[in-house]
Amino acid sequence: MYCTSLHEGTNYGEMSLRACARICRETPWCQHIQYDCHKDCILLEDCSRMRPTVCGSSIYHYDTTASIEVSTASEEGNDFNGVVLALLIISGIVVMGGVVWKFQMCRRRQLKASAGLMAADRVIMGRLRTTRFDNEDDLQPLTYLAAQNLPAYWSTAAELPEVSIEIASERRTSLARNLAFDELAYVKHEHLRSFQNLVNHTYQPIPTQDRLCPTEQHGKTRGGCPCVQPGGSPGLPTGFQVKRVIRVEDSDMFNRYILRREKIKTSRGGKCQAPEPAILTREAIQQFSGLQGVVAELDPQLNEVYLWHGTQVRIGLQIAQEDFSLTFAGSGAGTMYGKGLYFSESSTKADEYSKDEPSGYYDGVRALLLCRVCMGEFYYTADREPGAMEKFLQGISDSTLGDRAKAVKTYREFVVYDKDQVYPEYLVLYERLHGERPPEPPPKDMPFLLELPLYWKNVGRNPKIQDFHDHWLVRPKITSMIYRLALHTSENTCPKVQRAKRVEDSVLWCKYMNWKKQLAQQLRSRKMERCTPPNELDGNPSSGHVLTGEILAEHDGDEAISLENMVAGLNELLLWHGTSREAAKAIATDGFILNAATHGRRFGKGVYLAEDLRKSLSYCKESDGVKYVLLCRAVCGEMYYTEKEVHRDAPEQAVQEGKQSVLANPQQVGPREYILFDTAQVYPEYIVEFVTKDTE
Ligand SMILES: [Zn+2]
């Protein structure tokens, strides 16, 4: 008997009911969902509707073969699991299932406790990979109240045309249901000047004891050590160069913020005492007209203001994705006014708390969050007062304004004790400036790049030291984007895209990036400016850039595939690779396995990729009416060009000529194929499933 239900995005049709039951038994990490599915297949259907991300749990993804291989694949020294599993196989699954589940729970807790954030999503057994849902259904949809307050310049606001108009209640519900989002997007280059203005205008040349000694010679010094004084060496930064700005659009966080603001409004009768003098950021925003297109209109009666918060790039990205809980939990929380979130009206003050990543990817690059903060009724004090939080807890105040500017001529501190009083709207990436150099607009054609694509859920991690191996089942919006891309590259003949998974894999990514880096170094040492692009080799203007061009035309490029990380000069292209279901899995977990990827061998041994999807589909081994195609980033480098029908030693000749790939264009009519020799040249970013027959 076989289970026919769909389970976490994978069809386990070939799996025995028994194995499937085991999977289901191992998933109830989510305590909100109670189910019992080891009895029969009908109950199993409930599992398929489960939404694990609702409460942040993840599912370990089993191969039917994994239990057999597990003893050889205990990559984290998790031998006990291997023993338990071996026992399982011998003594039957139903009896022991609970034991394993329990053990896993403990193991998971241990991992969480021992390594904090880093290990929470680790794959802990064998070749298992974590599959997760990136689905609108799991996001909190925008409430009506929040929808009414949605900033007009948010990209998501475009989907909400009639907010200001009185809407019938049944439409409100559908409206809110439709609008659930959780996105990070780069702010357009033309707006960078506005953020630079805001940073400049809120700069104040005052060092304090919180500015760490950059030379590490001095400890905490009242008024700052000699190295951070204006004119010192290296001295107080003379300014900050804005490099890139990211906007955070998150319906859940925005709901909470607006709701909290509404509560403050009600409790304070809509009016709070205003600070004296006016807040610097508010002044700046009023002064520079360009800023009004990128900041929301705030409620001055509730002391709602934009304020700075200094951090690190990666922490900033994590806060942007999840909110400020991290900072609350960590040591970042200050103590001068109690355990709260500290903000500043001055970019210089916020910069004291920012950090870069010496000799890491973000060396020299720091981050400021520009947050909407609802101060409400603040408690004013000029002294240090760790007990100030009591006033908040007693309901006397909503926040604290610590006036150190008045007391010791430094800065005013703005402190809130509830993370819902903060919406981190922008993440500003910047560098400190020293000396005479003034800030200048960064080049438009060479934007600063994050280490990972912005739309990756793991964007805030460090792939070199924090392993992740996630497959994200992408949102319908992205699936349909991939479908449009598929249609365009198959002259509208391709089958429907059933679903797609995005492969976020730290090991594969690092391998790929290293290869790219080495190629760039090679080119430099040979004094080559760029590789010869495919269209110059075959004389066809569209070759090699079909997929890339298509995405560019339809998207800003940031929401599903960023072209930014792709280097045209290295012939880095988006290409398809047709495969089988088993190979698709293996490829995405282990990288390309060259043997599995040598189709036909018409052009010798290598990984075969194509820009025409029909070519890739022709290589697919269909399973259960589904064809698996990978959408890959591929660095082709210098290409050996051939127009022969069959050219088996092309790779050898290419290598002899110091080239990195073969571009085959049989008889000059194609379809063109790209043959790459090293698996590190390819990053399989999406596993796309095409349905070749109606399964209904
Ligand atoms: Zn010093």
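What share of the 696 residues in the protein is buried? Buried residues make up 42%. Keep in mind that this is a predicted model. Its secondary structure comes to 22 helices and 22 strands. Of the contacts between residues at least 6 apart in sequence, 72% join residues at least 24 apart.

**Stop 1: confidence**

Colour the protein by pLDDT. The mean is 77, and 72% of the residues reach 70 or more. Now select residues 1-128. Here pLDDT stays under 50 throughout. The model has 150 contacts beyond four places in sequence for this stretch. Where pLDDT is low, the predicted coordinates should not be read in detail. Hide residues 1-128 if they distract you.

**Stop 2: the five-stranded sheet**

Select strands 5, 6, 13, 9 and 7. They form an open sheet in the order 5-6-13-9-7, with antiparallel pairing. Strand 5 (182-186) and strand 7 (304-311) stand at the edges. Each has a single partner strand, so one side of each is left without a neighbour in the sheet. From one strand to the next, the twist averages 25°.

Zoom in on strand 7 and strand 9 (residues 366-374). Eight bridges join these two antiparallel strands. Look for Tyr306, which stands opposite Arg372 in strand 9.

Next, add helix 11 (residues 313-322), which packs on this sheet. Helix 11 touches strand 5, strand 6 (239-250), strand 7, strand 9 and strand 13 (422-433). Its direction makes about 165° with that of strand 13. Show its side chains: Val313, Arg314, Gly316, Leu317, Ile319 and Ala320 are the buried residues of helix 11. Then step just past the helix to Asp323, which takes a positive phi of about 105°.

**Stop 3: the four-stranded sheet**

Select strands 8, 12, 11 and 10. This open sheet has the order 8-12-11-10, and its pairing is mixed. Which strands stand at the edges? They are strand 8 (341-343) and strand 10 (378-381). Each has a single partner strand, so one side of each lacks a neighbour in the sheet. The twist here averages 25° from one strand to the next.

Move to strand 11 (residues 399-403) and strand 12 (residues 412-416). They run antiparallel, joined by five bridges. Pick Gly402: its bridge partner in strand 12 is Glu413.

**Stop 4: strands 14 and 15**

Select residues 469-473, which make up strand 14. Four of its five residues are buried, so strand 14 is largely enclosed by the rest of the structure. Five bridges tie strand 14 to strand 15 (residues 496-505), and the two run antiparallel. Leu473 has Lys501 in strand 15 as its bridge partner.

**Stop 5: helix 16**

Select residues 476-488, the 13 residues of helix 16. At 1.5 Å a residue they should span 18 Å, and the end C-alpha atoms are 18 Å apart, which agrees. Is Thr479 buried or exposed? Thr479 is buried, as are Met481, Ile482, Leu485 and Ala486. These residues cover an arc of only 160° around the axis, which puts them on the same side of helix 16. Rotate to the other side, where Pro476, Lys477 and Ser480 are exposed.

**Stop 6: strands 17 and 21**

Finish at strand 17 (residues 607-610). In a regular strand the side chains alternate between the two faces of the sheet. Val607 and Leu609 point one way from strand 17, and Tyr608 and Ala610 the other way. All are buried. Now add strand 21 (residues 673-676), which pairs with strand 17 in the antiparallel sense over four bridges. Select Ala610 last: its bridge partner in strand 21 is Glu673.

Terms used: Residues are numbered from 1 along each chain as its sequence is written. This is a predicted model: local features need pLDDT of at least 70, side-chain atom pairs count only at pLDDT 80 or more; totals for chains, interfaces and linings use all residues. The expected span of a helix is 1.5 Å times one less than its number of residues. A residue is buried if 20 or more other C-beta atoms lie within 10 Å of its own, exposed if 12 or fewer, and partly exposed in between; C-beta atoms are placed from the backbone. The arc is that of the directions from the helix axis to the C-beta atoms. pLDDT is the predictor's confidence in each residue, from 0 to 100. Two residues are in contact if their C-beta atoms, placed from the backbone, lie within 7 Å. Two strands pair if DSSP finds at least two bridges between them. Axes are lines fitted to C-alpha atoms, for helices over the stretch in contact, and angles run from 0 to 180 degrees between N-to-C directions.
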